[in-house]
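I am keeping these notes while going through one model, from the whole chain down to single residues. The entries follow the order in which I looked things up.

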Amino acid sequence: MPKVFQCRRCGACCLGRGGARLDEAGARAAAALLNLDEAAFRRLYLEPGTPPWDIGQDQAGYCRLRQAGGLCRIHRQKPRTCRLWPFLPQLLARESAFLSAKAACPGFRAGVTWAEFKAAGEFAD
Ligand code: SF4
Ligand code: SF4
């Protein structure tokens, strides 16, 4: 059985507010990965406020942690939502959410059904 999902590294999912957030531990780990102190990391990449912090967007609306070419600057420490994608609880729970995500992301195998996706999701995380 071919995989239901294979990321194409297009970076399209890093456009707009997708709920990517970092809590204090996540911000600390991401800052360390980039060799920045936490305050500098927060100033450069995160929205102000209390944790968990939303990641800011650049002028084009992309996540500030997206690099040119589409790769994530903090790939090894990226937020849980980004790590789990596409096997998010809401896509596993609602076919309409799965179909919307499938239409927006070229990583889904063509023709993959929600049943196949859910079966694959049982082993994800
Ligand atoms: S939109 Fe889909 S294929 Fe493109 S980077 Fe995001 S997860 Fe990968
Ligand atoms: S944290 Fe990384 S994977 Fe998540 S939206 Fe930002 S650039 Fe994309």
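**Entry 1, overall.** I started with burial: 22% of the 125 residues of the protein count as buried. This is a predicted model, and I read everything below with that in mind. The C-alpha atoms fill a box of roughly 45 × 25 × 25 Å along the principal axes. I then looked at contacts between residues at least 6 apart in sequence, and 58% of them join residues at least 24 apart.

**Entry 2, confidence.** I looked up the pLDDT next. The mean for the protein is 92, and 97% of the residues reach 70 or more. Among the elements, helix 1 has the highest mean, 98, and helix 3 the lowest, 93. I keep one caution for the remaining residues: where pLDDT is low, the predicted coordinates should not be read in detail.

**Entry 3, elements.** I find six helices and two strands. Along the sequence they follow the pattern β-α-α-β-α-α-α-α.

**Entry 4, cores.** Which residues touch the most other members of the largest nonpolar core? I find Ala27, Ala30 and Ile55, in a core of 16 residues. Helix 1 and helix 2 are the elements that give two or more residues to this core. Helix 1 supplies the largest share, three residues. There is also a second, separate core of five residues, with Val4, Leu91, Phe108 and Phe117 among them. I went back to Ala30 and listed its contacts, leaving aside neighbours within four places in sequence: Leu22, Phe41, Ile74 and Gln77.

**Entry 5, helix 2.** I took helix 2, residues 38–45, and asked which of its residues are buried. They are Phe41, Arg42 and Tyr45. These residues lie on the same side of helix 2 because they cover an arc of only 95° around the axis. The general rule I had in mind is that an α-helix has 3.6 residues a turn, so residues three or four places apart point the same way. The buried residues of helix 2 pack against helix 1 (24–33) and strand 2 (53–54). On the face turned away from the buried side I noted the exposed residues Ala39, Ala40 and Arg43.

**Entry 6, ligand 1.** I listed the residues around ligand 1: Cys7, Arg8, Arg9, Cys10, Gly11, Ala12, Cys13, Trp85, Cys105, Pro106 and Gly107. By class, this shell divides into seven nonpolar, two polar and two charged residues.

**Entry 7, ligand 2.** The residues surrounding ligand 2 are Cys14, Ala20, Ile55, Cys63, Leu65, Arg66, Cys72, Lys78, Pro79 and Cys82. I count this shell by class as eight nonpolar, no polar and two charged residues. Ile55, already noted for its contacts in the largest core, appears here again.

**Entry 8, backbone.** I checked omega and found a cis peptide bond joining Pro51 and Pro52, with omega about 0°. Pro52 is in the loop between helix 2 and strand 2. The bond from Trp85 to Pro86 is also cis, with omega near 5°, and Pro86 sits in the loop between helix 3 and helix 4 (89–93).

I then checked phi. Arg9 is not a glycine, yet its phi is positive, about 55°. Arg9 belongs to the segment before strand 1 (21–22), and it counts as exposed because 12 other C-beta atoms lie within 10 Å. Asn35 likewise has a positive phi of about 55° without being a glycine. Its place is the loop between helix 1 and helix 2. Asn35 has 8 other C-beta atoms within 10 Å and is therefore exposed.

**Entry 9, the loop after strand 2.** I picked two residues between strand 2 and helix 3. Is Tyr62, in that loop, buried, exposed or partly exposed? It is partly exposed, because 16 other C-beta atoms lie within 10 Å. Tyr62 touches Cys14, Leu15 and Gln57, not counting residues up to four places away in sequence. The C-alpha atoms of Tyr62 and Ile74 are 15 Å apart, with these positions twelve residues apart along the chain counted as their separation.

Leu71 lies in the loop between strand 2 and helix 3 (80–84) as well. Leu71 has 12 C-beta neighbours inside 10 Å, so it counts as exposed. From Leu71 to Phe108 I find 18 Å, C-alpha to C-alpha, at 37 residues apart in sequence.

Key. Residues numbered from 1 in each chain as written. Chains lettered and ligands numbered in written order. Predicted model: local features only at pLDDT ≥ 70, side-chain atom pairs only at ≥ 80, totals over all residues. Near = placed C-beta within 6 Å. Nonpolar A, V, L, I, M, F, W, Y, C, P; charged D, E, K, R; others polar. Buried ≥ 20, exposed ≤ 12 C-beta atoms within 10 Å, placed from the backbone. Helix = DSSP H or I, 4+ residues; strand = E, 2+ residues; numbered from the N terminus. Arc of directions from axis to C-beta. Contact = placed C-beta atoms within 7 Å. Core = buried A, V, L, I, M, F, W, Y, C linked by C-beta atoms within 7 Å. pLDDT = per-residue confidence, 0-100.
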